[in-house]
Amino acid sequence: MARIKISSDYDGQSPSELQMSIRRHLHHTQAKPEFFATRNDWYMATAHAVRDHMLHNWLTTFDHFMSSKRVRPKIVSYLSSEFLMGPHLGNNLVNLGLTEPVRMALTGIGHKLEDILHQEVEPGLGNGGLGRLAACYLESLATLRVPAIGYGIRYEFGIFDQEIHNGWQAEKADKWLKYGNPWEVRRPDTTYDVKFGGYTQFVNGSDGKLSVRWIPEKIINGVAYDTPVAGYRSGGVTVLRLWKSEAVAEFDFQIFNAGDYYKAVDDKILSETISKVLYPNDQPEIGKLLRLCQQYFFVSCSLQDMISLHRSLGRSIGSFSESFAIQINDTHPSVGIAELMRLLVDEHNLEWDEAWRITQEAFSYTNHTLLSEALEKWPLPLFSSVLPRIIEIIYEINRRFLDEVRIGFPKDEARIARLSLIDETGDKYVRMANLACVGCHAVNGVADLHTDLLKKTILHDFDELFPKKFHNVTNGVTPRRWVALSNPGLTELISSKLGDRWLSNLETELSGLQAYATDTTFQRKWQKVKQANKEALAKVILERTGIEVDPKSLFDVQVKRIHEYKRQHLNLLHIITLFNRMKRDARAEITPRTFIFAGKAAPGYTMAKLIIKLITSVAEVINADPDVAGRLKIVFFPDFNVTNGQLIYPAADLSEQISVAGKEASGTGNMKLALNGAVTIGTLDGANIEIRDEVGEENFFIFGLNATEANELRARGYHPQSCYEGNEQLREAIDQIAEGAFSNGDRDLFRPLVDNLLNRDEYLLLADYQSYIECQDRVSAAYRNRKKWAEMSIFNVARMGKFSSDRSVREYCEKIWKTTAISAQ
């Protein structure tokens with residue numbers, strides 16, 4: 001194939017060339033003279049100038065892919081309902097090596113780079129770890145030059161902005177597109193129709209074969225928006241392709257001319273609702289309907305797009321699985337298995353067996369949860385009414401699958417019921433995780449413990465049936481965003497000893513830092529970097545919350561989604577215990593601490609919102625008490641997102657990873673905090689175990705029941721009331737909450753939370769309480785030896801090389817996707 005000629009007019013990297021490019025975009029893209037240009041205009045112009053470099057690399061990468069003399073590697077298609085990319089500009093500057101040239105270019109125009117970076121509005125296209133992991137993997141795929149497309153939804157309103165009003169979470173719309181998005185490229189010629197509702201009918205084709213035609217009630221159009229994702233200094237670029245829903249016909253002139261002006265645009269409004277907001281509240285039926293429509297919409301668009309790309313390469317439909325490795329990021333996109341079958345059988349006239357072979361070869365599934373209630377399932381009547389053809393295909397997949405199971409396990413009806421894609425116990429549901437396990441050639445967990453527990457618990461029957469399907473790929477994070485961009489002081493210090501190759505070779509290079517862990521001079525420099533980060537965060541905390549904190553205190557950090565199993569309220573019980581010690585003995589030796597919480601509660605999750613209220617209420621009392629002044633402060637940092645994570649992670653001394661053992665799949669916040677020098681206190685849960693194994697037990701604070709012990713306790717019959725009655729400190733802390741000590745005497749406010757702990761305590765807070773308190777006492781003693789703490793912190797960073805997302809992606813390529821990098825020619 002002839003090489004593509006790519007213009008190099010826009011890839012100059014000197015400060016003067018970049019300044020010229022920024023000015024050109026200010027004038028010709030923003031259409032603004034400098035005199036009237038706002039800071040946002042300068043941000044947009046800078047972003048477009050940087051994007052030019054990315055588009056040049058993107059086209060060059062595509063040219064190398066198309067002109068490869070070897071067999072082209074498979075394209076990874078990463079299907080995810082979330083992509084929490086974070087602000088683009090800073091990360092792209094790091095990865096392109098343009099930070100300092102752009103800084104100098106802007107200085108010459110009279111602007112500070114930091115001001116321009118601060119102008120960017122973060123796209124909130126994810127809820128937490130799931131979306132952030134997807135973002136890390138896209139960046140690593142680009143760094144490793146593996147051909148890849150991330151497919152998702154271009155939500156007009158992302159995850160809500162969180163405000164705290166009178167101690168309660170309040171949700172505000174995330175208007176991330178208000179000022180435009182300079183990173184995306186709209187593709188009005190890349191559109192696909194998606195069907196909903198209606199009915200199916202059998203028809204005879206021209207070849208005499210009986211086929212099925214879906215007669216939809218409604219058709220919605222999906223339009224592609226592409227965002228390039230730059231790899232780190234490799235020239236590689238991946239694509240994030242997001243779909244926006246639009247009406248097939250946006251305006252009905254006949255209805256308008258008849259005088260019904262509102263109805264004339266009804267179809268447009270209803271169609272655009274699908275990509276309007278991330279994760280609508282799915283408690284009411286209308287929320288479930290919208291969420292199901294969202295999931296089918298984006299997988300249908302994505303699969304149609306893949307088939308179109310495959311055919312454009314001159315390949316037959318029968319070789320589709322040789323072109324694409326499709327990864328399902330959790331159960332949300334698993335309806336794609338049935339949709340690909342529909343496309344192959346109904347639209348491309350393949351026989352069922354051939355279509356099923358292609359589908360299984362193409363798809364693989366990552367599970368992200370051990371919570372059985374989080375394994376997505378849809379009410380059968382809802383699913384059938386929205387996707388009538390898809391449910392027929394699922395029924396047929398299920399029939400053939402269960403016939404095979406019956407051969408291996410005759411008369412085992414209980415097993416048949418558990419494995420079925422349709423849950424028929426009570427109200428009928430479509431089980432999406434079961435569909436994923438049946439329709440994919442590979443299933444993986446995201447930490448050693450998680451994968452082991454998957455095979456023993458919620459997916460045990462599938463592991464017995466398909467043992468070779470199951471793999472582990474422990475999660476990882478990109479060091480470019482989470483160290484180089486977030487923590488430039490630490491990056492500079494590490495590079496002064498190791499050079500800069502460690503940022504793209506974390507597994508092999510970072511361990512060289514161990515040689516300096518006991519070096520007193522290096523420790524002082526390390527502590528100086530940490531202190532500067534803490535001072536920077538303290539300043540922002542004062543600005544955002546009005547709370548003044550001591551940067552010399554131990555910064556004890558728990559930042560993650562608010563959920564009962566993550567046990568933010570166990571952390572609070574420790575804080576109240578410390579507070580009570582101080583009140584009893586003002587001279588008690590207490591290591592000064594600042595407790596920093598951050599995280600969002602799902603809008604419909606009442607108990608999680610109550611936990612936020614308890615955090616802020618305890619903070620209000622303790623922060624105002626003169627007896628603990630200077631020794632104990634509590635902060636709830638609002639609106640936790642990628643931007644705020646980049647502020648908090650580098651400043652943390654202690655990382656709280658205290659979920660009940662056996663519930664956290666992996667976690668990635670634990671990795672980000674450890675990579676920035678925080679020492680972990682945690683249970684043996686998720687990736688905590690592997691972090692402990694890597695950094696050394698002596699550099700990790702372990703407490704609590706392990707997963708086996710937790711399950712055995714539940715099996716014996718757990719009675720939280722006995723823990724409460726047998727522990728004076730615990731009883732005192734819970735009684736204070738119950739009696740209104742932190743709610744102005746209101747005994748009812750936190751009653752649901754207290755009753756839950758005393759009567760159910762599903763997540764074993766009271767069982768782990770004493771072990772946690774004793775472990776925290778060891779933390780306090782260790783922190784007082786600042787030299788030893790610095791040594792522990794350095795070892796934590798030096799031994800975290802395994803937890804790079806580059807390593808994770810390499811494992812996926814080798815174990816599951818069976819693809820390789822695009823060679824640079």
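In this predicted model, Phe 637 occupies the loop that connects strand 19 (632-636) to helix 25 (642-648). Its relative accessibility is 0%, so Phe 637 counts as buried. Beyond its neighbours within four places in sequence, Phe 637 is in contact with Gln 162, Leu 537, Val 540, Ile 541, Arg 544, Phe 597, Ala 598, Asn 644 and Ile 648. The loop residue also lies 9.6 Å, C-alpha to C-alpha, from Glu 163, although 474 residues separate Phe 637 and Glu 163 in sequence.

From this single residue the description turns to the nonpolar cores. In soluble globular proteins, nonpolar side chains tend to be buried together. Here the largest nonpolar core comprises 116 residues, and the members that touch the most others are Phe 196, Phe 383, Leu 387, Ile 394 and Trp 817. Helix 9 (residues 285-312) gives the most to this core, contributing eleven residues. A second core, separate from it, has 67 residues, among them Met 607, Ile 615, Phe 701 and Ile 734.

Trp 817 merits a further look. Setting aside residues up to four places away in sequence, Trp 817 touches Lys 74, Val 76, Tyr 78, Leu 141, Ala 325, Gln 327, Ser 364, Val 809 and Tyr 812. Trp 817 also belongs to a cluster in which ring pairs link it with Tyr 78, Phe 83, Tyr 137 and Tyr 812.

Across the whole structure, a search finds 20 aromatic pairs. One of them joins Tyr 192 and Trp 243 in an edge-to-face arrangement, with 5.7 Å centre to centre and 75 degrees between the planes. Tyr 192 belongs to strand 5 (residues 185-196) and Trp 243 to strand 9, so this pair ties together parts that are 51 residues apart in sequence. Both Tyr 192 and Trp 243 are buried.

Strand 9 leads on to strand pairing. Strands of a sheet pair through backbone hydrogen bonds, either parallel or antiparallel. Strand 9 (residues 237-247) runs parallel to strand 2, and five bridges join them; within this pairing, Arg 241 is the bridge partner of Tyr 151. Strand 2 also pairs in the parallel sense with strand 1 (residues 75-79), over four bridges, and there Ser 77 stands opposite Ile 149. Strand 2 (residues 148-153) has six of its six residues buried. Both of its faces are covered, with Ala 148, Gly 150 and Gly 152 buried on one side and Ile 149, Tyr 151 and Ile 153 buried on the other.

An antiparallel arrangement appears in an open sheet of three strands, whose order is 12-14-13. Strand 12 (377-379) and strand 13 (422-423) are the edge strands, each pairing on one side only. Three bridges connect strand 12 with strand 14 (residues 429-431) in the antiparallel sense, and Pro 379 stands opposite Tyr 429 of strand 14. The ring of Tyr 429 has a further partner: the charged end of Lys 377 sits over it, 4.7 Å from its centre. Elsewhere, the charged end of Arg 72 sits over the ring of Phe 65, at 5.9 Å from the ring centre.

The cysteines complete the account. The whole structure contains zero disulfides. For Cys 440, the nearest cysteine sulfur is that of Cys 437, 7.7 Å away; Cys 440 is buried because its relative accessible area is 0%. For Cys 723, the nearest cysteine sulfur is that of Cys 775, 18 Å away. Cys 723 has 21% relative accessibility and therefore counts as partly exposed.

Note on methods: Residues are numbered from 1 along each chain as its sequence is written. This is a predicted model: local features need pLDDT of at least 70, side-chain atom pairs count only at pLDDT 80 or more; totals for chains, interfaces and linings use all residues. Side-chain values use heavy atoms; hydrogens and water are left out. Helices (H or I, at least four residues) and strands (E, at least two) are DSSP runs, numbered from the N terminus. Buried means under 20% relative accessible area, exposed over 50%, partly exposed in between (1.4 Å probe, protein chains only). Contact means heavy atoms within 4.5 Å. A nonpolar core is a set of buried Ala, Val, Leu, Ile, Met, Phe, Trp, Tyr and Cys residues joined through side-chain atoms within 4.5 Å. A disulfide is a pair of cysteine sulfur atoms within 2.5 Å. Two strands pair if DSSP finds at least two bridges between them. Rings of Phe, Tyr and Trp (its six-membered ring) pair if their centres lie within 6.5 Å; planes under 30 degrees apart count as stacked, over 60 as edge-to-face and the rest as tilted. A charge sits over a ring if NZ of Lys or CZ of Arg is within 6 Å of the ring centre and within 35 degrees of the ring normal.
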